[in-house]
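These are my notebook entries from a session spent looking through one model, written down in the order in which I looked things up.

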Amino acid sequence: MKKDYKKPSIKKVELKPDEAVLAGCKQKKICKKGSKNPGS
Amino acid sequence: MIYHKDDSFVARRLDEELILIPVRNKISDMNYIYILNEVGARIWELIDGLRDAKDIVRIIQEEYEPVEDLEADLLEFIADLEKIGAIRPSA
Amino acid sequence: MRINIGGISLLLSEKNAKVTDPCYQKFLSSRHSNHCLRFRLSSTNYPERHYSHRFDSPGLWSIMFNNNRDFCIELRGQKGMPVACIEVLLDRGKGTIYQCTGKDSLGLPPLPFRYPVDEVIFMNILSLYNGLLLHSCGIDDNGRGYIFSGFSGSGKSTLAKQWSGESGVRLLNDDRVIVREIKGSFYAFGTPWHGEIALCDPGKVRLVAIFFIKHGRDNSVKPLSLSEAVSGIIARSFSPLWDKDGMARTLEVAERLARKIPCYELSFYPDRGVIDYIRGIEI
């Protein structure tokens with residue numbers, strides 16, 4: 001028996017690579033003064 | 001036109017759907033992962049560097065209930081897969 | 001000195017090594033673990049081995065790796081110069097720390113127990129231990145484990161603060177939680193890598209549900225499909241996005257996790273009502 005057809009689709013799911021690869025600095029000792037700590 | 005899968009993607013079936021994860025060595029290229037629906041997942045499976053688009057249309061027509069715009073849908077979907085770098089034209 | 005995180009030990013063979021961070025101190029362990037990486041400090045320069053792949057993070061580190069399980073993390077200082085190379089030979093269960101500068105890093109924790117090196121090590125190895133590292137707050141509510149996962153600003157620490165006041169509740173971490181499958185069950189483990197709330201717990205709890213969180217005007221949940229759950233887990237995890245084999249393994253863990261543990265999208269209002277709401281959900 002044939003299956004129901006639905007138009008083929010690609011759904012995009014966003015990544016936040018800066019967060020995912022720990023690009024931010026969490027510890028103030030390591031970061032420069034005044035910089036953001038986007039790691040968390 | 002014959003296409004093959006780009007081998008920098010990790011693919012995994014999730015029941016009827018399929019997840020595609022591009023593996024990249026530059027953070028600027030790491031922005032999205034992708035979910036293909038059932039028909040999209042089946043088309044992905046059929047792209048093997050040997051079948052051309054007409055072969056894939058024929059197989060989908062055999063497996064699914066008839067629909068008017070099937071060939072146009074398929075070509076649009078293949079173009080979308082190429083746009084995200086998941087498939088490439090075979091030489 | 002041995003630190004055990006998520007049931008995996010990193011051991012440093014250095015007599016005088018100590019950690020002063022109170023969170024890390026909770027993870028010091030004298031117990032032998034089946035999963036252990038033994039590190040030693042080398043007195044020589046890094047021997048510049050050949051690796052076929054390299055990923056440069058925009059932050060303090062790069063990683064070089066082969067198609068086997070060996071890898072090398074290059075750690076940079078504030079001025080961008082290499083400070084150390086940490087080589088891991090996974091199948092041999094050992095690692096070597098090569099200091100690049102020849103100067104002692106005064107006041108900093110000993111490698112590899114220093115941001116971001118230990119986290120990057122875990123990002124690389126967890127999938128081999130049926131685990132992954134989630135950007136999330138982990139709660140032990142009287143023996144029931146909940147994970148509240150989300151990007152920065154989604155409310156992880158806010159939720160952690162709400163839960164912290166409750167009797168019988170243990171906060172494992174407000175920012176990074178390890179999830180591992182052990183003998184067919186999934187557990188959430190605390191880590192020393194906290195966010196705003198400088199509390200962490202080395203314990204584990206059996207996982208009951210995962211919530212992908214966002215702020216809302218009131219509390220509501222929506223169960224997620226398999227693909228929504230798996231993609232949500234991957235998007236909110238710290239995974240080796242540069243390594244095909246590592247991502248394939250991580251994806252396999254994520255699928256098993258999503259099939260076994262109910263995953264929801266949670267929109268929440270930041271007051272105590274969210275706790276009663278979560279407890280009232282029939283999971």
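**Entry 1, chain B against chain A.** I began with the contact between these two chains in what is a predicted model, and found that chain B puts 22 residues into the contact while chain A puts in 17. On the side of chain B that touches chain A, I listed the elements that give two or more residues, and they are β4 (32-36), α1 (38-46) and α3 (70-83) of chain B. The most comes from β4(B), which gives 5 residues to that side. Sorting the side of chain B that touches chain A by class, I noted 14 nonpolar, 3 polar and 5 charged residues.

**Entry 2, the sheet across the two chains.** I then followed β4(B) and saw that it pairs with β1(A) in the antiparallel sense, over 5 bridges. Within this pairing I looked up V13(A), which stands opposite I33(B) in β4(B). Tracing the strands further, I wrote down an open sheet of 4 strands in the order β1(A)-β4(B)-β3(B)-β2(B), with antiparallel pairing. I asked which strands stand at the edges. They are β1 (10-14) of chain A and β2 (9-14) of chain B, and because each has a single partner strand, one side of each is left without a neighbour in the sheet. From one strand to the next, the twist averages 25°.

**Entry 3, the chain B end of the sheet and the helix on it.** For β2(B) I recorded antiparallel pairing with β3 (residues 17-22) of chain B, over 6 bridges, and in this pair L14(B) stands opposite E17(B) in β3(B). What packs on the sheet here? I found helix α5 (residues 244-260) of chain C, which touches β2 and β3 of chain B and whose direction makes about 20° with that of β2(B).

**Entry 4, chain C against chain B.** Since a helix of chain C had turned up there, I counted the whole contact, in which 19 residues of chain C meet 14 residues of chain B. The elements giving two or more residues to the side of chain C that touches chain B are β4 (53-56), α4 (226-235) and α5 of chain C, and α4(C) gives the most, with 6 residues. By class, I noted 11 nonpolar, 4 polar and 4 charged residues on the side of chain C that touches chain B.

**Entry 5, the two domains of chain C.** Chain C is divided into domain 1 (2-128) and domain 2 (131-280), and I read 26 Å between their C-alpha centres. Their contact takes 18 residues from domain 1 of chain C and 23 residues from domain 2 of chain C. On the domain 1 side, two or more residues each come from β1 (2-5), α1 (22-26), β5 (61-65) and α2 (117-125) of chain C, with the largest share, 4 residues, coming from α2(C). That side of domain 1 divides into 11 nonpolar, 5 polar and 2 charged residues.

**Entry 6, one residue of α2(C).** I picked V120(C), which lies in helix α2 of chain C, and asked whether V120(C) is buried or exposed. It is buried, because 26 other C-beta atoms lie within 10 Å, where the cut-off for buried is 20 or more. Leaving out residues up to four places away in sequence, I found that V120(C) touches L22(A), W61(C), I63(C) and I73(C). Last, I looked up V120(C) and S239(C), which are 119 residues apart in sequence but 9.0 Å apart in space, C-alpha to C-alpha.

Methods: Residues are numbered from 1 along each chain as its sequence is written. Chains are lettered from A and ligands numbered from 1 in the order in which they are written. This is a predicted model: local features need pLDDT of at least 70, side-chain atom pairs count only at pLDDT 80 or more; totals for chains, interfaces and linings use all residues. Two strands pair if DSSP finds at least two bridges between them. Axes are lines fitted to C-alpha atoms, for helices over the stretch in contact, and angles run from 0 to 180 degrees between N-to-C directions. Two residues are in contact if their C-beta atoms, placed from the backbone, lie within 7 Å. Domain bounds come from an automatic or database domain assignment. Ala, Val, Leu, Ile, Met, Phe, Trp, Tyr, Cys and Pro count as nonpolar, Asp, Glu, Lys and Arg as charged, and the others, Gly among them, as polar. A residue is buried if 20 or more other C-beta atoms lie within 10 Å of its own, exposed if 12 or fewer, and partly exposed in between; C-beta atoms are placed from the backbone.
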